[in-house]
Amino acid sequence: MRALARAISLVEKRDPAVRELEDALRSDARIPGVAGFTGAPGTGKSTLVDAVVAFLRKQGSSVAVIATDPNSPFTGGAILGDRIRMQRHALDEKVFIRSMGARGHLGGLSLATREAIRLLGAFGFDQVILETVGVGQSELEVAAVADTTVLVLTPNLGDSVQMIKAGILEIADVFAVNKSDIDGHARVVAELRTMINMGPKTVWRPPIVPTIATRAEGVDKLWEAVLQHRKHLESSGRAHELVERRLRDETAEVAAEIARQRARRALEEDAALAERLFSDGTPYRTAEEILDRKR
């Protein structure tokens, strides 16, 4: 576990040694199942994830949890620390829990998160659960990383239609109506069904699973829905398409990061270039000049 934690720390710090590490682990690399849990704050995502981890451990699966949190503006570290809510798994060697900062990404998922998932596969974890901060539009980006996206809703968080805002319905593969023991859960379920029926007709119809995370009720049915969605991806051929899309997206992000590093280095080291930028005020022209340079 310590070796894995150190490896992910290197990934977060964007240490050049990460490239050598990934090359060394390439022969051991396998793709774990990734389930993304997202939703508005207050829906009980962390408690639900904790219950899912306990359920999977009873099934004999090893589980890794990556909780993406807002960053400290001073240290760059994750602020919320969802590990506090999952202390009962702290001594389980088959459970790995890591809070990772969003690193300034609007969607709450950084390039480091994608690389961390690959490391978790190399270290032999069967399942990876990705929990996002669920603030603003941050729910949308989880679909680009997870095989199955679970959108967690709950009654009495204001106008439920606002919770199911534009774009969210389309990215949800499974709906979990948590805290279903309180009044209002039937209305949320009914509105969800109406919106699904009004939406585009697709082969996969997102199931709606009531849960009570504090009592671990409905967790087995929720995970069964996740597995059914994975089977659908395999049978339809979309699983392979998703792998290819993620590799393209990650490659584009890596290229953008390398270009950003080159630009900053050039502007710091080339006084003439910086002077032309300041005198002409043409960032586009300067950027093109940097990108056209040979390394």
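The following exercises, each with a worked solution, concern a predicted model of a protein.

**Exercise 1. Overall composition**

Determine how many helices and strands the protein has, and what share of its residues count as buried.

Solution. The secondary structure consists of 11 helices and 7 strands. The chain has 295 residues, and 46% of them count as buried. The accessible surface amounts to about 15700 Å², and carbon and sulfur atoms contribute 55% of that area. As for contacts with a separation of 6 or more, 76% are between residues 24 or more positions apart.

**Exercise 2. The setting of Thr 43**

Locate Thr 43 and decide whether this residue is buried or exposed.

Solution. Begin with the position: Thr 43 belongs to the loop that runs between strand E1 (33-38) and helix H3 (45-58). Next, consider its accessibility. The relative accessible area of Thr 43 is 0%. Buried means under 20%, so Thr 43 is buried. Finally, examine its side chain: a polar atom there lies 2.9 Å from the backbone oxygen of Ala 40.

**Exercise 3. The pairing of helices H10 and H11**

Establish how helix H10 and helix H11 are oriented relative to each other, and which residues make the contact.

Solution. First, identify the elements: H10 covers residues 271-280 and H11 covers residues 283-292. Their axes are 9 Å apart, and the packing angle is about 160 degrees. Angles over 145 degrees count as roughly antiparallel, and therefore H10 is roughly antiparallel to H11. On the H10 side, the contact is made by Leu 273, Arg 276 and Leu 277. H11 contributes Pro 283, Thr 286, Glu 289 and Ile 290. The handedness completes the description: the crossing of H10 and H11 is right-handed.

Definitions and conventions. Residues numbered from 1 in each chain as written. Predicted model: local features only at pLDDT ≥ 70, side-chain atom pairs only at ≥ 80, totals over all residues. Heavy atoms only, no water. Helix = DSSP H or I, 4+ residues; strand = E, 2+ residues; numbered from the N terminus. Buried < 20%, exposed > 50% of the residue type's maximum accessible area, 1.4 Å probe, protein only. Contact = heavy atoms within 4.5 Å. Areas by Shrake-Rupley, 256 points an atom, 1.4 Å probe, with all protein chains shown as cover. Polar contact = N/O pair within 3.5 Å; in protein donor to acceptor, adjacent residues only side chain to side chain. Axes fitted to C-alpha atoms, helices over the stretch in contact; angles between N-to-C directions. Parallel < 35°, antiparallel > 145°, perpendicular 65-115°, else oblique. Left-handed = near helix turned anticlockwise from the far one by under 90°.
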